[in-house]
Amino acid sequence: MSSNTPSSSAGGVGSADAAAPRRNSKRPKYSKFTQQELPACKPILTPRWVISAFLLVSIVFIPIGVVSLFASRDVVEIIDRYETACVPQNFSNDKVSFIQSAVDKTCNRTLTVKKLMKQPIYVYYQLDNFYQNHRRYVKSRSDSQLKDNSSWNDVSSCKPEDMSNDQPIVPCGLIAWSLFNDTYNFSLNNQQLAVNKKDISWKSDRDKKFGKDVFPKNFQNGTLIGGNRLDPSVPLSEQEDLIVWMRTAALPTFRKLYGKIERDLQPNEVIQVTLLNNYNTYSFNGKKKLVLSTTSWLGGKNDFLGIAYLTVGGLCFFLALSFTVVYLVKPRQLGDPSYLSWNRNPAGH
Amino acid sequence: MDSKIPVENLFSIEPVLSSSSRRSISTHSKASSGNSIREVNFSDLGSKPVRYGSHGAESETYSMSQKEINDEDARLVQINDPVKTNERFEFAGNSIRTGKYSILTFLPRNLFEQFHRVAYIYFLVIAVLNQLPQLAVFGRGASIMPLAIVLLVTAVKDAYEDYRRHRSDTIENNRLASVLVNDHFQQKKWKNIQVGEIIKIHANETIPCDMVLLSTSDPTGVAYVQTINLDGESNLKTRYAKQETVLKITEKEKIAGLIKCEKPNRNIYGFQANMEIDGKRVSLGPSNIILRGCELKNTAWAVGVAVYAGRETKVMLNSSGAPSKRSRLETHMNSEIIFLSLFLIALCTVVSVCAAVWLRRHRDELDYLPFYRRKDFSEAEEENYNYYGWGLEIFFTFLMSVIVFQIMIPISLYISMELVRVGQAYFMIRDTQMYDESSDSRFQCRALNINEDLGQIKYVFSDKTGTLTENKMEFQCASIWGVDYSGGKATSQDQEDGYFVEVDGKVLRPKMKVKTDPELLQIAKNGKETKDGCHVHDFFLALAACNTIVPLILDTPDPIVKLIDYQGESPDEQALVYAAASYGFMLIERTSGHVVIDIQGVRQRFNVLGLHEFDSDRKRMSVILGFPDQSVKVFVKGADTSMFSVMDRSMNINVKRITEAHLYSYSSLGLRTLVVGMRELSTSEFDDWHSAFEAASTALMGRASLLRKVASNIENNLCILGASGIEDKLQQGVPEAIESLRTAGIKVWVLTGDKQETAISIGYSSKLLTSKMTQIIINSNSMESCRKSLEDAIIMSKKLTTISGNINNTGGTLGTVLTPVALIIDGTSLVYILDSELEERLFQLACNCSVVLCCRVAPLQKAGIVSLVKKRTVDMTLAIGDGANDVSMIQMADVGVGISGQEGRQAVMASDFAMGQFRFLVTLLLVHGHWNYQRMGYMILYNFYRNAVFVLVLFWYVLFTCFTLTTAITEWSSVLYSVIYTSVPTIVVGILDKDLNRRTLLKYPQLYGAGHRQECYNKRLFWITMIDTFWQSAVAFFIPLLAYWGGTIDASSIGDLWTLAVVILVNLHLAMDVIRWNWITHVAIWGSIIATFICVIIIDAIPTLVGYWAIFEIVKTGKFWLCLLAIIVAALIPRFVVKVLYQLYTPCDVQIAREAEKFRTLSESAAVEIEMNPILDPPRR
């Protein structure tokens, strides 16, 4: 069988074929694409690459962490929890009945400025344990009704606050119904401290989402009053408290912007707050807090991101170091064929 | 369904096969004591399908003609009377419809078919659940959209395919044929042809329906048809019209009669019927029918009567799709899917239990809770709003959580996998290295769902003839009257053109050149002057005449030169006729009555007085020639065993012995041998034979056996002229291919019908066997001796392979390398072993052997051997073959590969993949198989991860919403997540990523072991991925949560942050694992991230949605970007670290090869000249 040269047979048959025209040949057209040979970059995790990647991450992350931490520390915040304190002694065992009663809800609080607070100072109310993201709650609204006067009776999604006295409610739904209705009045040295409640909501909401021709109608007319009432003569696009409230919070602990104080507050200044404690969070043990806070480029006071960045950056630095050590102690030559399994273990096949 | 026919076919002929093999036992046991030359394996000659098929059918007709066709099972066709024929039964018209749908039925039928898939049912159930008002988690549109998209895409694809089918049907139905109407042939559209009509076909026309031949232009009623459309065989087949009808048509007599034939069936090699004509009854067999789709060749016209039309024709009954198998990886994957479903149920249970606890603890507050408000006060009486009691609420919560977390079960994965497989198939088909020049055939992917199995093959079962060899027979040497002529040299170099003859100024030349022995050529040229010359003359005359070859004259570009192409069913015969032509005995013309042979430039006409066709019982054929000088001779050609038993005892013993010795040496060279004999017939002998032959060939009952008897009577007392050795060449690259497959850890078993010596010599030349190997040969002919030889063999193989056992204590399972053992076993022994308790022993033995060679195996035994292995291991098996006898094996194996070669297309039709050459198997397995496996394995893991991360992020959020299944991520984003945001990159990577390049994979076949060791997809990887998923989802969720805790953030904004974070994370995770970045990968990954941003922006620009403008508000803040960056880095660090450690300190082979590829390309580029597949032509662009 030594004469078995593979090519000789092809010659015999091929000679006739070769003469035949090749136009209809099924030979696949050659292209880099069809042969899967497109130019490609093949990154490989070499030790140098890995160490520099870790170093790069730590170089980027640690400064960011430091900067964010500083930004967070620079924010001055005054938090005053008042929902328990504002309940008179005689109601302290039955707060729900207090809030449902017609008793005067006025409550006075005193806040002391610890550090210089540069304007603008944002006034928030903070609710805890209030599930604005509850499924029944978030669904209970009608965006088309809010936007457009013509669909004022589109309340199908608003149950159970869709109709009152057989009339559609505008704005309908649980969200609007439960609008927050505590009010705050600030005075500094017995002087009224102006709180600007303009432009506390998103401009896009005012322009597009809440109609200029939609006015509250039949609102809070039912047996159960959930929260604030709205002035029927003011269009929804200008009801900024409602607009803010309707941007439902993502988490059960949240702040909502109440207004802005547009002057600096000096250290040790004492602010008198007169608040109306109307909103019922007692039925579910919700906390209410009043927050005055400055802001930084990173938002409010929250150290988490800074710490996270420092941790990740530090970890990467540590990894870079340990990889360097490991690599120096026990290097492996890349692509060394002697590491291949069949070379390592000559007996195995 | 298509795939079943051949098997049935084989079952029907099984008794024949086993009886013949049993017969060979006796001859074997006799022969094995002395000389081991036994018989030429004639049954393995070229056209196996026809042979087996027609043989089977023949025996069927034989039995049926005695049985009668029952009237209930028959169809009655009135010849030339379609009205009466169709009166009682409405037979199908001849119009065909391959289109599945009409405009009306498209929608319901297509939907019905699509919903056969479990995945779609899951989609549907979830979508329906979501429509219940209590459970409406997503809006209507959002919940139906993914299903709608998938259905729409598939429907459009189906509609387009169906449209093309309809168009081709219309063309087909409107072709014209001439049909006898009122005694005149008229043109009629195909679709209007009815059963019973008489149709006339002209040369080169396609036959419009299945018809019984009535008459042809040949006075004896022969017609030649090409069945390439039917079974892919390009050679011509002869069909006969019955003598009773031939004359009627030619003499324009009105013909009338009744054909009683079987009901339409899909057996293209079988047909049985009776024809009543002029009160006579004539039986019809498969050689009397011409089938739709065939072409009439070499015959001026043929007339027939339509018996099956339209969808009842055999070709239409045979057209159905490829077999479907399920890949191993998918089977493994399904068990992980079950785990994921359990996980899904666990998540849903956690949510509902928590919800239950919460509802119970707050049950008193629920009525007035501003965010719950159980009571509806708007009506006069207070009633519960959307509250159905504690138990039901929990149940609803559970169902809702199933809806929300539905993509935990990665249904999109099934669709992506299909797309990826289509892409992989595209590249396999387009691979120029798997294109076969000689047959102009590309690689074919017939089964689309087992691409990745190609990367895990452990056993390859290969046929020999036509698979390892080319099945292009080439005449090598001859032994004539005891003289060996084997000094053949290729003529193409020595003489320009080989042999040719000139007639009327035209040059006739055989199409194929054969190398000739100069000495023999000289003797042949000198004519009959010497005694040698006389023998040589007779020998070549026998080769030229004793066959069923039909010569075709072909035009060449040169008008003077014509080529003679010999068409026939058997490649061996072709080779012999070409050889005879090269020695000056050129067959010019063959009709049923005579042959014209040009002998050394002189044309001689011989009358063909009789022809006994080959059958596998006699293993020989004969032809009776009337010479111009009125003498009559019978020429016989056949397998050595069958020939030596009918030779003249008084003949020169010496010549016989020398011939036998030559035969032995030929077969040990791997040549296929045939013995030729002749005898002169006296007038009385001839007359006796003639009358017997006439009687037998017109007999109605048992014609085949009568003819066989007549043949056996005349084929005796032969004078042996000599023997021929035909080489079946090894295909190009076979030894190298087998070598690489072996290095790759794949066990190659060769199963052949050839005899042992031929098989062993082919084994050596294909490097399957090496001189270092110890051969264990098992030839037994009883159960007991089988058991004994198996036990001895096991002991021996253990001894040989476990010498190292004492040293490495591993029990010798790995020790096969020390002394490789080859097991050679023959079909006779397998008869006793298969399906008995000895199977287990054989398997044990075979596991110890590095090579297994089975010779003389019948088709069903091939399947038996495959199933023997398949049953006992979890390893993947692949069967490769080219003929109908390999069909059962191909279907039995996990992966079936068909070689589209010389033999019919049955193997290809039954196969999952088809290709032109055996050596492409290396590219297919080592390159594409490896790639596909790696890609698919990664893709499945990635898809699990991708969907689980998203679901877990949703799940974490649910824990902060009183377990009420609110999603901060908008419903549209969660729907689009697996459709748009993340689907394209994984598909692109699944199609295009390559862990190693082709050259490396071919250079180190051992890298294929990655598939054997299941390196790319296993339980461990799955769990690691799931842990990683857990971490990543936690990071993606909790970093924003903590960063925004107690802040003013609203749900839509943080939802957008989570959406983007998860999508970027998931895409970068993929990017980290991509091995080869080309521009398409870049576009897919970065494009997906950009597309996600765009989609989120679009969703947030719709004022009626809750999240209006949220994305624009949040991107203005620095916190958003810091969160994004922190999430991506923190989430990917653990994976990165593990990956680096793993790659640096426990690198797998693939990893090292990758590094070598990158860093050593320059130094080793010179060393990689040893390419497996040399590119024959420089690639053209």
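This briefing walks through some features of the structure shown above, topic by topic. The model is predicted, and two of its chains, A and B, share an interface in which 105 residues of chain A touch 125 residues of chain B. We begin with that interface, move on to chain A, and finish with chain B.

**Where the chains meet**

- The area buried between chain A and chain B comes to about 10800 Å², and carbon and sulfur atoms give 61% of it.
- On the chain A side, A:R27, A:Q36 and A:R136 lose the most area to chain B, together 8% of what that side buries.
- B:K1139 offers a single residue to look at here: its place is in helix α39 of chain B, residues 1118-1145.
- Beyond its neighbours within four places in sequence, B:K1139 is in contact with A:L45 from chain A, and with B:M1072 and B:D1073 from chain B.
- B:K1139 has a relative accessibility of 17%, and it counts as buried because the cut-off for that word is under 20%.

**Two annotated spans in chain A**

- The UniProt record, an unreviewed entry, gives the feature "transmembrane region" to residues 49-71 and 307-329 of chain A.
- In the model, residues 49-71 of chain A are 100% helix and 0% strand, with end C-alpha atoms 33 Å apart.
- Residues 307-329 of chain A are likewise 100% helix and 0% strand, and here the end C-alpha atoms lie 32 Å apart.

**A four-stranded sheet in chain A**

- Chain A has an open sheet of four strands in the order β1-β10-β3-β8, with antiparallel pairing.
- Strands β1 (77-81) and β8 (254-261) stand at the edges with a single partner strand each, so one side of each has no neighbour in the sheet.
- From one strand to the next, the twist averages 20 degrees.
- Within the sheet, seven bridges join β3 (residues 121-128) to β10 (residues 287-293), and these two strands run antiparallel.
- To find one matched position, look at A:L127, which stands opposite A:K288 in β10(A).

**A buried glycine in a loop of chain A**

- A:G211 sits in the loop between α7 (203-209) and α8 (240-246) of chain A.
- Although it is in a loop, A:G211 is buried, with a relative accessible area of 5%.
- Which residues touch A:G211, leaving aside its neighbours within four places in sequence? They are A:L146, A:K147, A:P235, A:L236 and A:S237.
- A:P47 is 164 residues from A:G211 along the chain, and their C-alpha atoms are separated by 60 Å.

**Helix α14 of chain B**

- Helix α14 of chain B covers residues 518-526, and its buried residues are B:L520, B:L521, B:I523 and B:A524.
- These residues lie on the same side of α14(B), because they cover an arc of only 165 degrees around the axis.
- The buried residues of α14(B) pack against several elements of chain B: β18 (469-480), β19 (483-485), α15 (531-545), α16 (571-582) and β24 (585-590).
- Just after α14(B) comes B:G527, with a positive phi near 80 degrees.

**The hairpin of β24 and β25 in chain B**

- Strand β24(B), one of the packing partners of α14(B), has five of its six residues buried, so it is largely enclosed by the rest of the structure.
- β24(B) is joined by five bridges to strand β25 (residues 594-599) of chain B, and the two run antiparallel.
- Together β24(B) and β25(B) form a hairpin, with three residues between them.
- One pair to look for is B:L587 with its bridge partner B:I597 in β25(B).

How values were computed. Residues are numbered from 1 along each chain as its sequence is written. Chains are lettered from A and ligands numbered from 1 in the order in which they are written. This is a predicted model: local features need pLDDT of at least 70, side-chain atom pairs count only at pLDDT 80 or more; totals for chains, interfaces and linings use all residues. Side-chain values use heavy atoms; hydrogens and water are left out. Buried means under 20% relative accessible area, exposed over 50%, partly exposed in between (1.4 Å probe, protein chains only). Contact means heavy atoms within 4.5 Å. The arc is that of the directions from the helix axis to the C-beta atoms. Two strands pair if DSSP finds at least two bridges between them. Axes are lines fitted to C-alpha atoms, for helices over the stretch in contact, and angles run from 0 to 180 degrees between N-to-C directions. UniProt positions are given in the numbering used here, feature names are shortened, and annotations may be inferred rather than shown by experiment. Buried area is the accessible area (1.4 Å probe) that two parts lose on being put together, summed over both.
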